[in-house]
Amino acid sequence: MGSSRGCFGDVCNGILAALIIGAIAGWLAGKIVHGAGFGLIGNVVVGIIGALVASWVLPQLHIALATGTIGAIVDATIGAVIVLVILSLIRRV
């Protein structure tokens, strides 16, 4: 009937998708902002935080990019770049 791992329908797929998109976005942002990468786990965290930042910042600027997985990666990458720039500025202080 159900999975013995405790997954409920699309919840595990959503979490897995968020981790994959976060990893890709964090890795891309690390390549764009040279010297600001945080390793695999750090990049996933930065990518997820970046997605949250982008989901707030982009609508405030009336920017609507592509939808779907590619759009999510682009949005999360933009947010992750913003996060990495802010973190690199804080590190310098």
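Visitor: Which residues does UniProt list for "transmembrane region"?

Guide: The unreviewed UniProt entry lists residues 12–30, 36–58 and 70–90 under that name. The coordinates shown here are a predicted model, and the record can be set beside them. Over residues 70–90 the chain is 100% helix and 0% strand, with the end C-alpha atoms 30 Å apart.

Visitor: How many helices and strands does the protein have?

Guide: There are three helices and zero strands. Along the sequence the pattern reads α-α-α. α1 covers 10–32, while α2 covers 39–60 and α3 covers 68–92.

Visitor: What span should α3 have, and what span does it have?

Guide: The general idea is to allow 1.5 Å a residue and compare the result with the distance between the end C-alpha atoms. For the 25 residues of α3 the expected span is 36 Å, and the ends are 36 Å apart, so the two agree.

Visitor: How far does α2 reach from its first C-alpha to its last?

Guide: α2 has 22 residues and reaches 30 Å, close to the 32 Å expected.

Visitor: Where is the kink in α2 centred?

Guide: The kink is centred on Ala-54 and amounts to about 30°. Ala-54 is also one of the buried residues of α2.

Visitor: Which other residues of α2 are buried?

Guide: Burial is judged by relative accessible area, and buried means under 20%. In α2 the buried residues include Gly-42, Asn-43, Val-44, Val-46, Gly-47 and Gly-50, as well as Val-57 and Leu-58. Ile-48, also in helix α2, is partly exposed because its relative accessible area is 31%.

Visitor: Which residues of α3 are buried?

Guide: They are Gly-71, Ile-73, Ala-76, Thr-77, Gly-79, Ala-80, Val-81, Val-83, Leu-84 and Ser-88. Take Val-83 as a worked case: its relative accessible area is 13%, so it is buried. For the protein as a whole, 29% of the 93 residues count as buried.

Visitor: How many residues apart along the chain are Ile-48 and Gly-79?

Guide: A check on packing is to take residues separated in sequence and read off their C-alpha distance. Ile-48 and Gly-79 are 31 residues apart along the chain, and their C-alpha atoms are separated by 8.8 Å. For Val-83 and Ala-29, 54 residues apart, the separation is 9.1 Å. His-34 and Val-85 are 51 residues apart, with C-alpha atoms 9.9 Å from each other.

Visitor: Is His-34 buried or exposed?

Guide: His-34 is in the loop between α1 and α2. Its relative accessible area is 72%, so it is exposed.

Visitor: What is phi of His-62?

Guide: Phi is a backbone angle, read one residue at a time. For His-62 it is near 60°, a positive value in a residue other than glycine. His-62 comes just after α2, in the loop between α2 and α3. At 75% relative accessibility, His-62 counts as exposed.

Visitor: Which residues make the nonpolar surface patch?

Guide: The patch is made by Phe-38, Leu-61, Ile-63, Leu-65, Ile-70, Val-74, Ile-78, Ile-82, Ile-86, Leu-87 and Ile-90, and its area is about 910 Å². Leu-65 sits in the loop between α2 and α3.

Visitor: Why does Leu-65 count as partly exposed?

Guide: Its relative accessible area is 37%. Partly exposed is the class between buried, under 20%, and exposed, over 50%.

Terms used. Residues are numbered from 1 along each chain as its sequence is written. This is a predicted model: local features need pLDDT of at least 70, side-chain atom pairs count only at pLDDT 80 or more; totals for chains, interfaces and linings use all residues. Side-chain values use heavy atoms; hydrogens and water are left out. Patches are made of residues with over 30% relative accessible area and no salt bridge: like charges are joined within 9 Å, nonpolar side chains (Val, Leu, Ile, Met, Phe, Trp, Tyr) within 5 Å. Accessible areas come from the Shrake-Rupley method with a 1.4 Å probe; for residues, only the protein chains shown count as cover. A salt bridge is a side-chain nitrogen of Lys or Arg within 4 Å of a carboxyl oxygen of Asp or Glu. Helices (H or I, at least four residues) and strands (E, at least two) are DSSP runs, numbered from the N terminus. Buried means under 20% relative accessible area, exposed over 50%, partly exposed in between (1.4 Å probe, protein chains only). The expected span of a helix is 1.5 Å times one less than its number of residues. UniProt positions are given in the numbering used here, feature names are shortened, and annotations may be inferred rather than shown by experiment. The bend at a residue is the angle between axes fitted to the seven residues ending there and the seven starting there.
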